[in-house]
Amino acid sequence: MKSIWITRWLHWKKQLISLLFWLFLPLFGTIIIIQAAHAFQEDAQIPIGLVLHDDSPFAQQLYSDIAASPFVQVQILQEKDALKQLEAHDLDSVFVIEEDYGEQIQKGNRKNVITAYRSDLSFAYSPIKEMVVSLVQQETGRSKAAFYVMRLAEKYPPYEKRWSWEEITSKSKEIQKEEDLLTSTFSFFGETKKQGSSSRLWDPNPWGIWGLFLILSTFFLFDWMVKEREKKLTSRFAFMRISFSAYLLGNAFLYLLLFLIIDSLSFVILQRIYDSSISTELFLSIITFRWMTVAGSFIIALCVKNIYTLYGTGLAIVLLFAITSGVILPTDLFPNSMGWVYTYHPITYLLHNKPIWNWLALFLFIIALWYIRKENSNAPSKWHS
Amino acid sequence: MLQVNGIHKRFGRNTVLNQLTFSAVDGEIIGLVGENGAGKSTLLKLLATLDLPDAGSITLEGKSYTKQLKEVRKRIGFVPQDIVLWEHFTVAENMRFFEKLSWTKKSTTALQSLCAQMKLDKWEEKVSTLSGGMKRKLNLAISMIHDPKLLLLDEPTVGIDLKSRKEIGAYLQKEAKENNKIILYTSHDMDEIIHLCDRVICIGEDQFYHDLLIREGKSCLLLT
Ligand SMILES: Nc1ncnc2c1ncn2[C@@H]1O[C@H](COP(=O)(O)OP(=O)(O)O)[C@@H](O)[C@H]1O
Ligand SMILES: [Mg+2]
């Protein structure tokens, strides 16, 4: 192994820059894509101003409901500033929550609780107004219902428990949340995303993006195998201590080690940026995913004769996975009958933080068969024919 | 001692070698001549274990080509017709690369002196900047790293300058005479063959093999 390491190092030091580029592509590619997605989203959000004259929990609730919408970007402002910014067209529209908002809502009254302002350039005023109105309506509806329930309870005293207004409305919210969850999981084959936690239109999973980049970079870095098989090295390896197949395997293993070092680093960095907890499941998933990709690239590099075929195959696989994995396109574009695709999809394992033993075992089995056949054949190896 | 007994090789219907028998003793340089397509490269590949004969047997120092393949291969140095080098490596790096994978460990000094023996002194130069003659020498030097008993060369001097040819020739002669190597090589240059070789095996289109003995660089004695 040490001699293979020295021979590989002779190659690596000649191409350090491109080696480092491809090694770090998954890490930097993921960060760039995710940041770009977030930045694009922020640009696409419509800036609105909110003026809170009321500090009741109802007003706070309305604010957080509006802020949770992926389409708007809300700023809390003083009325004077808000109107000034509206005039300067820095804001699309301004909504003023009046002093007695909370009181009126509790009474189930939704007239004149909010004042809205628009400028001559407001293009999203109507839909945003509709959204705010519907949020207020929802709140007043809930409140009305609560009073109705309370009145019913008063009318029929046998009820032991007296429900308060707060209890009823919070129960109502709870039920609503549960229903939301129910409807949204239907559209996903696996619960790959934490539903409702995201306030973004498109929030790709960093590990999904990373997995796609990883496949690409592994394939591109495995061109050494095609180049060295193409070179008529076998006529030399016949007379060497290390067989050509052992040489290829040894080198692939060195690449794997190098990859795993980079992956551990990427794991720590990406976890820091996108998630605070370090999970061993995810780490194992990443390691097996990389191992599987290396084994897969090894097999394909054994089959192709031309580096461009290898690059093309890598790109095609990444493209296919990008479309089918649900990382970039939502999975509900595909019919339910194709659910099995996701069950065995390598990227799915990564998204679910599961180790990918089955694919890895299959690829290693194929490589073992190839190696045993090569080593046992006493006949001169014919690599090029 | 190399012994070749009645080997036979054909590709489809094309019989290339038919009942070829000869032997070579230590310290002997044998030239292989013949028309293009006569089967010189085919014979070298069989002797290098890179292809199998359809019939017949070969032994090197008593080791069978079929039963003791590994032992045989340790004793063979094969200089391929194509130049198999890392173009973007220096001479030193090429030598180091193949030494690491070879049967014998050699120090940098030993590797450097191996190159120097065939007047390849551009140790730190990139292969891509070397002349054709220098590349041929390096191609040969790499095949000599593990000190093979039998050295097989396929047109080692084709298309290179006269000076390099002479230097390679002198090196081969020294290896045969001083280190008792058995050397077989093919060439189109009859002058070179007569000057360098102890014997010539001529592979004719009629698949008759003429084994010639060369003495004192000029007069030939027909053996078969
Ligand atoms: N791998 C092969 N498959 C089929 N025919 C071959 C193969 N190698 C050589 N031959 C044929 O064998 C004959 C001898 O070839 P070769 O040994 O290369 O000749 P030389 O080296 O003397 O010019 C040629 O007719 C060639 O076409
Ligand atoms: Mg030839």
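The legends below walk through several close-up views of a predicted model.

**View 1. Chain A as a starting point.**
Let us begin with the whole of chain A, which contains 16 helices and 4 strands. Of its 385 residues, 44% are buried. Among the contacts in chain A with a separation of 6 or more, 77% are between residues 24 or more positions apart. The next two views stay in this chain and turn to some of its helices.

**View 2. Helices α8 and α11 of chain A pack side against side at an angle of about 160°.**
Here you can follow helix α8 (residues 206–221) of chain A and helix α11 (residues 244–274) of chain A, whose axes are 12 Å apart. The two helices are therefore roughly antiparallel to each other. Their crossing is right-handed. On the side of α8(A), the residues to look for are A:Pro206, A:Trp207, A:Trp210, A:Leu214, A:Thr218 and A:Leu221. They meet A:Tyr255, A:Phe259, A:Asp263, A:Ser266, A:Phe267, A:Leu270, A:Gln271 and A:Tyr274 of α11(A). Sorted by class, this contact has 10 nonpolar, 3 polar and 1 charged residue.

**View 3. Helix α9 of chain A is largely enclosed by the rest of the structure.**
This helix covers residues 223–230, and 6 of its 8 residues are buried. The buried ones are A:Asp223, A:Trp224, A:Met225, A:Val226, A:Glu228 and A:Arg229. Which helices do the buried residues of α9(A) pack against? They pack against α1 (2–12), α8, α11, α12 (280–303) and α13 (307–324) of chain A. Two of these partners, α8 and α11, are the pair shown in View 2.

**View 4. Helix α1 of chain B is another largely enclosed helix.**
We now move to chain B, where helix α1 spans residues 40–47. Because 6 of its 8 residues are buried, the rest of the structure largely encloses it. Look for B:Lys40, B:Thr42, B:Leu43, B:Leu44, B:Leu46 and B:Leu47, which are the buried residues of α1(B). Just after the helix comes B:Thr49, with a positive phi of about 65°.

**View 5. B:Thr15 and B:Gly39 are 9.4 Å apart in space, C-alpha to C-alpha.**
Along the sequence, these two residues are separated by 24 residues. B:Thr15 sits in strand β2 (residues 14–24) of chain B. Its relative accessible area is 24%, so B:Thr15 counts as partly exposed.

**View 6. Helices α5 and α6 of chain B pack at an angle of about 20°.**
The helices in this view are α5 (residues 132–143) and α6 (residues 162–179) of chain B, with axes 9 Å apart. They are therefore roughly parallel to each other. The crossing of α5(B) and α6(B) is right-handed. From α5(B), the contact is made by B:Gly133, B:Arg136, B:Lys137 and B:Leu140. From α6(B), it is made by B:Ser164, B:Glu167, B:Ile168, B:Tyr171 and B:Leu172. The classes here are 4 nonpolar, 2 polar and 3 charged residues.

**View 7. B:Lys181 forms salt bridges with B:Asp147 and with B:Glu175.**
What does the bridge between B:Lys181 and B:Asp147 tie together? B:Lys181 lies in the loop between α6 and β8 (182–186) of chain B, and B:Asp147 in the loop between α5 and β7 (150–153) of chain B, so the pair links parts that are 34 residues apart in sequence. The N to O distance of this bridge is 3.3 Å. In the bridge from B:Glu175 to B:Lys181, the closest N and O atoms are 3.4 Å apart. Are these two partners buried or exposed? B:Lys181 is buried, at a relative accessible area of 5%, and B:Glu175 is buried too, at 3%.

**View 8. B:Arg75 and B:Glu71 are joined by a salt bridge.**
The closest N and O atoms of this pair are 3.2 Å apart. B:Arg75 counts as partly exposed, at 22% relative accessibility. B:Glu71 is also partly exposed, with a relative accessible area of 29%. Over all chains, the structure holds 22 salt bridges.

Methods. Residues numbered from 1 in each chain as written. Chains lettered and ligands numbered in written order. Predicted model: local features only at pLDDT ≥ 70, side-chain atom pairs only at ≥ 80, totals over all residues. Heavy atoms only, no water. Axes fitted to C-alpha atoms, helices over the stretch in contact; angles between N-to-C directions. Parallel < 35°, antiparallel > 145°, perpendicular 65-115°, else oblique. Left-handed = near helix turned anticlockwise from the far one by under 90°. Contact = heavy atoms within 4.5 Å. Nonpolar A, V, L, I, M, F, W, Y, C, P; charged D, E, K, R; others polar. Salt bridge = Lys/Arg side-chain N within 4 Å of Asp/Glu carboxyl O. Buried < 20%, exposed > 50% of the residue type's maximum accessible area, 1.4 Å probe, protein only.
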